[in-house]
Amino acid sequence: MCGIIGYIGSQEAMPLLVEGLKRLEYRGYDSAGLAVQNASGIGIRKSAGKIVRLEELLSEHPLHGTVGIAHTRWATHGAPTTPNAHPHVSLNGELALVHNGIIENADLLRRKLAELDCEFQTETDTEVLAHLIGTLYEGNLEQAVAAALTQVEGTYGLAVLSSADPGKIVVARQGAPLLLGLAEDGDQAMFVASDVAPILGHTRKVVYLDDGELAVLRGDGYALMDVGSLDPAEPTRFIEKEISRITWDLGKIERGGFPHFMLKEIFEQPATIRDAMRGRVLEEEGTARLGGLHGIFDRLNSAQRIIFTACGTSWHAALVGEYLLEEYARIPVEVEYASEFRYRNPVIPEHTVVVAISQSGETADTLAALREAKRRGATTMGIVNVVGSTIARETDGGVYTHTGPEIGVASTKAFTGQLTVLSLFALLLARRRGMSILQGREVVSALRELPGKVEAVLQSQEQLERIAEAYADHPNFLYLGRGAHFPIALEGALKLKEISYIHAEGYPAAEMKHGPIALIDEAMPVVVLGPDDSVYPKVVSNVEEVKARGGKVIAVVSEGDSHLRNKVDHVISVPSTIEMLQPILTVLPLQLLAYLIAVRRGCPVDQPRNLAKSVTVE
């Protein structure tokens with residue numbers, strides 16, 4: 001969740017850290033703070049609230065120095081107050097630390113440290129870690145950090161400064177993402193960050209840390225090592241890693257004239273869907289080419305079951321994937337909440353493929369579920385957006401969605417990117433499992449037409465604006481869909497909940513009769529997904545049931561629909577496509593509707609309360 005940025009070099013650290021925090025704010029925005037080291041020691045500034053509050057504090061009380069660390073918080077242990085904000089300091093004030101993750105044995109460590117006369121000023125687990133490192137310091141910061149981490153249970157991405165051991169930043173990772181930014185040629189500087197967004201304006205050269213790794217950063221470079229190798233009595237084991245280069249530019253993480261990142265990302269979807277398909281569609285052969293799966297093709301061909309594991313919006317994408325693979329590739333599929341999968345005793349027989357879906361590639365529960373599947377012998381595959389992410393590195397094979405950075409907390413383009421890749425994956429397996437070349441070419445043709453149809457949906461907002469105006473003050477919504485559109489109903493309801501704070505529920509349309517129908521009256525807007533597909537007549541019957549009870553129906557229908565149009569209160573038309581791709585088009589107006597309602601309600605669209613973009617803690 002939380003965001004970390006650190007810098008060591010020849011420039012003033014404070015403005016670089018504040019700039020980085022602004023680009024990390026989607027990871028957490030409860031509070032923020034920074035620590036800067038200079039000849040006088042370490043100066044700390046922190047504040048509850050958005051980063052603008054910290055900026056105001058720094059304008060009155062600036063910090064000077066060329067070494068610093070900073071943090072923007074999503075609260076776990078302790079309320080979002082100024083004392084609980086990071087950085088936290090050791091008892092003697094010589095050490096400052098920022099941390100993303102959860103120290104699970106913090107209470108035990110707190111009791112032990114209290115016996116050493118450590119006094120705690122906050123409710124956080126991070127302060128425990130700062131005191132622990134401080135008590136173990138004997139002249140070498142990295143050895144103290146490593147010694148402390150051997151006593152820690154939980155997850156961490158952390159960066160540490162010490163005025164007693166100046167001119168360095170020590171960073172370490174276990175379960176929380178962390179990367180190093182290397183200076184471009186001619187510069188002498190190093191960065192550390194939770195992701196690439198805050199450092200992109202300064203370097204494109206990065207090194208991704210893996211679990212159990214620790215790095216010492218200095219202005220002229222870094223040393224990377226295994227945490228367990230820092231015993232003073234043993235030779236240190238240094239690690240050499242490949243340097244990755246970021247290919248997307250700074251404009252991808254700026255609003256570009258849009259009032260919100262979410263709206264910008266909604267309108268980027270024609271391009272991001274093209275990018276997800278680029279070089280992967282084989283027209284003549286009527287199939288898809290997914291290079292990241294070459295190493296596991298034999299295991300995919302012999303797979304007898306596929307398990308998708310994911311969280312949130314990615315779980316909804318997995319549900320659509322279940323329909324696609326069972327319908328077209330004729331392979332049994334299960335969809336698991338990653339948070340549940342990891343804590344039970346799942347049955348994973350031979351010839352099972354487990355597919356982890358995650359926008360960030362760092363989602364804590366999904367990563368843990370993936371590792372459990374690997375431990376039990378499954379072939380593992382990832383569908384992720386972020387190149388170099390942990391899931392991408394730990395799976396046997398995988399596919400990038402190539403949707404670029406998504407800053408808005410409520411996922412939009414990442415979701416349709418996942419659906420596009422799942423469609424390609426289903427096409428590839430289907431062609432290997434009996435789909436004819438003519439059917440394959442039909443799918444390829446529809447894929448080629450898809451971005452243009454997405455553009456057509458996004459160009460028509462007038463009806464959505466009228467609907468948003470009419471229903472923005474309603475406290476409840478119901479979303480109904482059948483088949484592959486049931487997950488789209490779930491996703492539409494989630495978007496409304498996330499950013500407008502309206503209670504909304506998604507249901508299979510036929511299940512409405514088994515409970516939710518009791519809620520329907522003149523005050524209940526019901527969004528019905530009714531494109532012209534194989535279950536259209538059944539959806540019409542469900543609409544009749546809602547209307548018979550006075551419900552207000554907002555229907556998403558195919559262009560040219562004349563039947564539902566005469567039965568409902570509001571119609572939103574989308575172009576028709578083949579059934580397997582229709583969910584990509586029908587979700588678009590639901591994204592826009594949630595956005596427009598949230599704006600009318602005055603909600604902070606890009607930073608909804610209590611949420612953060614990348615869930616890297618339990």
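**Helix α9, residue E498 and an open sheet**

Trainee: How far apart are the end C-alpha atoms of helix α9 (residues 312-329), and why does that agree with its 18 residues?

Mentor: This is a predicted model, in which local features need pLDDT of at least 70 and side-chain atom pairs count only at pLDDT 80 or more, while totals for chains, interfaces and linings use all residues. Residues are numbered from 1 along each chain as its sequence is written, and side-chain values use heavy atoms, with hydrogens and water left out. Helices (H or I, at least four residues) and strands (E, at least two) are DSSP runs, numbered from the N terminus, and the expected span of a helix is 1.5 Å times one less than its number of residues. For α9 that gives 26 Å, which agrees with the distance between its end C-alpha atoms, 25 Å.

Trainee: Is E498 buried or exposed?

Mentor: E498 lies in helix α16 (residues 485-500). Buried means under 20% relative accessible area, exposed over 50%, and partly exposed in between (1.4 Å probe, protein chains only). Because its relative accessibility is 15%, E498 counts as buried.

Trainee: With which residues is E498 in contact, leaving aside its neighbours within four places in sequence?

Mentor: Contact means heavy atoms within 4.5 Å. With those neighbours set aside, the residues that E498 touches are A410, P608 and L611.

Trainee: Which are the edge strands of the open sheet formed by eight strands?

Mentor: Two strands pair if DSSP finds at least two bridges between them. The order is β3-β2-β4-β1-β10-β9-β11-β14, with antiparallel pairing. The strands that each pair on one side only are the edge strands, β3 (41-48) and β14 (244-245).
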